[in-house]
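User: Hey, can you walk me through this structure? I'm new to this, so please spell out the terms as we go.

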There are 2 protein chains.
Amino acid sequence: MASRAKATILDIAREAGVSKSTVSLVLQGSGLIRPETAIKVRKAIEDVGYVYNRGAANLRKAHSNVIGMVINDLTNPFFAELAVGMERVFQAAGVVPFIANTAENPVRQEEVLKSLMEQGVAGLIVSPARGTTPGAFRRIETAGVPIVFAMRRLPDSRIPVIAPDNHRGAVLATEHLIRKGHRRLAFFGGSSDLVVYHERLGGFLEACETLGVPAAHRLVVEGETSRKGGMACLETALAAAEPPTAALCFNDAVAFGAMLALRRRNLEAGADFAVVGFDDVAEAEHYSPALTSVAVDSAGLGERAAHVMLKMIQSRTTRAEDHVGAVNLVVRESSGPDRNKQVGDAAWA
Amino acid sequence: MASRAKATILDIAREAGVSKSTVSLVLQGSGLIRPETAIKVRKAIEDVGYVYNRGAANLRKAHSNVIGMVINDLTNPFFAELAVGMERVFQAAGVVPFIANTAENPVRQEEVLKSLMEQGVAGLIVSPARGTTPGAFRRIETAGVPIVFAMRRLPDSRIPVIAPDNHRGAVLATEHLIRKGHRRLAFFGGSSDLVVYHERLGGFLEACETLGVPAAHRLVVEGETSRKGGMACLETALAAAEPPTAALCFNDAVAFGAMLALRRRNLEAGADFAVVGFDDVAEAEHYSPALTSVAVDSAGLGERAAHVMLKMIQSRTTRAEDHVGAVNLVVRESSGPDRNKQVGDAAWA
DNA sequence: CCCTATAAATGGAACGTTCCAATAAATCAA
DNA sequence: TTGATTTATTGGAACGTTCCATTTATAGGG
């Protein structure tokens with residue numbers, strides 16, 4: 001039943017016995033059209049199996065209704081959540097979000113951004129791939145397309161950022177470990193090409209400083225931000241002359257890796273070595289032992305980023321305030337039993 | 001430095017002192033242009049910060065270079081893997097894949113499909129949302145846009161499907177459990193509005209049949225395909241008069257839920273109750289105890305689906321062969337120790 | 001009844017490309 | 001030299017919309 005050439009607004013006009021302008025008006029839901037005419041036109045639209053050509057429309061209209069979301073790693077549920085959060089609000093605003101994955105590859109990212117721009121996106125939300133060069137977004141900025149960074153930032157950029165309070169999260173987690181009585185602490189995973197790394201590590205070091213853990217008792221082990229990386233970090237740490245008794249991990253994946261390595265050595269996370277993660281992915285709660293982690297509410301940040309973007313588009317600006325999202329430490333089993341409580345229980349027993 | 005109105009091909013032509021046709025030819029990498037002219041034009045393109053308007057181009061060209069991937073749940077790493085697999089091959093083929101998430105919502109799916117069509121996609125790969133109505137893809141089919149289903153299928157549709165061999169996977173898993181000596185088996189999770197459910201359940205029942213597990217000893221518990229659902233299934237099963245000793249779960253999420261419920265009852269998955277999952281997500285390997293699961297290679301299926309789509313586009317057809325992907329059972333700890341081996345070990349001890 | 005105000009519908013010129021047909025310039029054969 | 005051939009370049013007509021400026025139909029006021 002498919003007519004060979006796809007139907008256009010003119011075919012509808014012919015079918016309904018009106019002009020193309022009338023059809024266009026109906027398509028846009030204009031109130032200028034007599035209801036019966038509109039109905040007639042809508043029927044014709046249905047009959048010919050018309051599909052609206054947004055490309056042609058955008059040739060005339062200033063703005064398109066599509067927004068690009070460029071994500072560095074979609075297989076990481078943490079970033080997938082971010083994307084889903086954004087989608088929710090765009091969807092409600094009648095905007096179509098297209099997601100593209102860069103797989104943490106700057107070259108890929110370049111291509112994806114180019115495509116999105118060519119598609120005429122109204123705005124771009126990006127969680128930049130690791131190793132993104134500083135100038136990667138210049139073309140987009142000069143083109144005047146609004147852009148915001150989510151989750152990650154670039155070292156020197158003036159582009160607005162929506163990200164969690166990494167520094168504070170790390171401080172909270174580190175304080176938690178120190179209060180548990182740990183005196184030799186490690187920071188596991190991550191590498192210095194990520195701004196986030198410096199923020200989290202900075203919080204760790206600051207908390208150590210203020211709570212009196214001397215520099216000699218702090219161990220920083222860089223590593224891949226994966227389970228594998230976490231395992232390696234733990235091995236490195238335990239091989240030290242005076243090994244730490246607790247670690248704050250760059251993210252949950254690293255933490256899971258560290259716990260796995262502990263299990264392989266027949267050590268128990270929590271009892272023998274305290275582990276704290278970062279991001280609080282869904283899995284953290286269900287792991288065994290359950291992982292203490294810094295929750296960042298990625299879906300919420302996604303929503304926030306989307307709102308900022310919508311506002312930027314609406315007000316035709318390319319600037320916006322940064323937004324740092326609240327974090328909170330979710331204490332579970334992997335950071336060990338609460339010593340004070342244990343003592344108390346024993347006393348009452 | 002951004003000029004107010006965005007630059008067009010004509011601005012470049014003026015800048016470079018050539019005609020718009022020449023610029024167009026350069027943009028398409030035509031060999032008809034004298035190299036020095038091409039260089040001059042490319043310089044002008046750079047100078048004016050030109051961005052190609054693909055919408056305008058598509059108005060003339062028959063095909064666009066964008067393909068839509070519609071995924072039912074991006075936060076499920078299983079489907080995210082699928083998307084990433086597809087992306088890999090599209091990327092290599094110079095096609096731009098745009099991902100959209102339907103969040104398992106048919107209404108959302110409808111909107112997303114409409115948008116994608118309006119955008120003029122060259123093809124569509126869809127993992128349909130649960131509860132998709134049979135006619136949901138009619139408009140797309142009549143428009144002659146190639147479409148393939150990945151992972152999931154619709155009951156009566158003639159649209160080509162790329163999916164794992166669910167039936168065989170379930171047979172393998174069930175046989176495995178029966179060989180371990182289990183005589184009362186359960187099937188956990190899923191609901192009958194999914195074709196996949198019938199395939200997997202069918203395999204389970206068939207294996208029971210052929211290996212002599214009577215119908216009375218088979219327990220089928222429908223439920224949400226989530227951890228929560230899995231927990232509920234386990235509770236239901238253990239409440240039975242003669243509870244099963246092993247379960248094949250609809251997917252890994254259900255299996256994780258079942259294991260969690262076991263732990264809450266101080267039972268151990270593997271030793272006290274055998275659990276087998278389906279899909280073999282990355283997490284399965286790292287769970288404790290590690291989950292025995294049916295591996296389906298979602299990334300590989302994604303790649304396959306992408307190849308099929310490319311071929312359909314190239315040969316301007318809307319039909320293609322179905323493809324069922326190989327599955328294999330990955331045996332880990334959750335399905336329990338091998339009894340034969342145990343006995344042997346004891347004898348030799 | 002004509003004149004004006006309002007409502008409904010319409011023609012036509014953009015929008016930024018592609019690509020065919022045509023032109024202009026350079027090369028070659030005789 | 002002249003015409004034929006090849007090589008580079010170019011104008012102009014689409015493509016499917018939107019939207020402004022008009023036209024046409026309908027109603028109201030005197």
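Analyst: Sure, one term to begin with: two residues are in contact if their C-beta atoms, placed from the backbone, lie within 7 Å. Also, this is a predicted model: local features need pLDDT of at least 70, side-chain atom pairs count only at pLDDT 80 or more, and totals for chains, interfaces and linings use all residues. Residues are numbered from 1 along each chain as its sequence is written, while chains are lettered from A and ligands numbered from 1 in the order in which they are written.

User: Okay, so what does Ala258(A) touch?

Analyst: Leaving out residues up to four places away in sequence, Ala258(A) touches Phe188(A), Gly230(A), Met231(A), Cys233(A), Leu234(A), Ala247(A), Cys249(A) and Val275(A). Together with Ala258(B), Ala258(A) has the most contacts inside the largest nonpolar core, which has 184 residues.

User: And what's a nonpolar core?

Analyst: That's a set of buried Ala, Val, Leu, Ile, Met, Phe, Trp, Tyr and Cys residues joined through C-beta atoms within 7 Å. Buried means that 20 or more other C-beta atoms lie within 10 Å of a residue's own; exposed means 12 or fewer, and partly exposed is in between, with C-beta atoms placed from the backbone. In soluble globular proteins, nonpolar side chains tend to be buried together.

User: Ala247(A) was in that contact list. Which strand has it on one of its faces?

Analyst: Strand 8 of chain A, residues 246-249. Helices (H or I, at least four residues) and strands (E, at least two) are DSSP runs, numbered from the N terminus. Both faces of strand 8 of chain A are covered: Ala246(A) and Leu248(A) are buried on one side, Ala247(A) and Cys249(A) on the other.

User: Which strands does strand 8 of chain A pair with?

Analyst: Strand 6 of chain A (residues 185-188) runs parallel to strand 8 of chain A and is joined to it by four bridges. Strand 9 of chain A (residues 274-279) also pairs with strand 8 in the parallel sense, over three bridges. Two strands pair if DSSP finds at least two bridges between them. Phe187(A) has Leu248(A) as its bridge partner, and Ala247(A) has Val275(A).

User: What do strand 8, helix 11 and strand 9 of chain A make?

Analyst: A right-handed β-α-β unit, with helix 11 of chain A covering residues 252-264. Right-handed means that, with the strands pointing away from the viewer, the path from the first strand over the helix to the second runs clockwise.

User: Switching topic: is strand 2 of chain A covered or open?

Analyst: Mostly covered, since six of its six residues are buried. Val96(A), Phe98(A) and Ala100(A) sit on one side, and Pro97(A), Ile99(A) and Asn101(A) on the other. Six bridges join strand 2 of chain A to strand 1 of chain A (residues 66-71), and the two run parallel. Met69(A) stands opposite Ile99(A) there. The chain goes from strand 1 through helix 5 to strand 2 of chain A in a right-handed β-α-β crossover.

User: How many residues of chain A are in contact with chain B?

Analyst: 42 residues of chain A are in contact with 42 residues of chain B. Helix 5 of chain A gives the largest share of chain A's side, seven residues. That side divides into 20 nonpolar, 14 polar and eight charged residues. Here Ala, Val, Leu, Ile, Met, Phe, Trp, Tyr, Cys and Pro count as nonpolar, Asp, Glu, Lys and Arg as charged, and the others, Gly among them, as polar.

User: There's DNA too. Which residues come nearest to DNA strand D?

Analyst: Ile9(A), Ser24(A), Arg60(A), Ser19(B) and Leu59(B), out of 25 around DNA strand D. Near means that a residue's C-beta atom, placed from the backbone, lies within 6 Å of the molecule or strand.

User: And for DNA strand C, which are closest?

Analyst: 25 residues surround DNA strand C, and the closest are Ser19(A), Leu59(A), Ile9(B), Ser24(B) and Arg60(B). The surface near DNA strand C has eleven nonpolar, nine polar and five charged residues.

User: Last one: where is Asp279(B), and is it buried or exposed?

Analyst: Asp279(B) is in strand 9 of chain B, residues 274-279. Asp279(B) is buried, because 27 other C-beta atoms lie within 10 Å. Its phi is near 115°, a positive value in a residue other than glycine. Ala103(B) also has a positive phi, about 50°, without being a glycine. Ala103(B) is partly exposed, with 17 other C-beta atoms within 10 Å.
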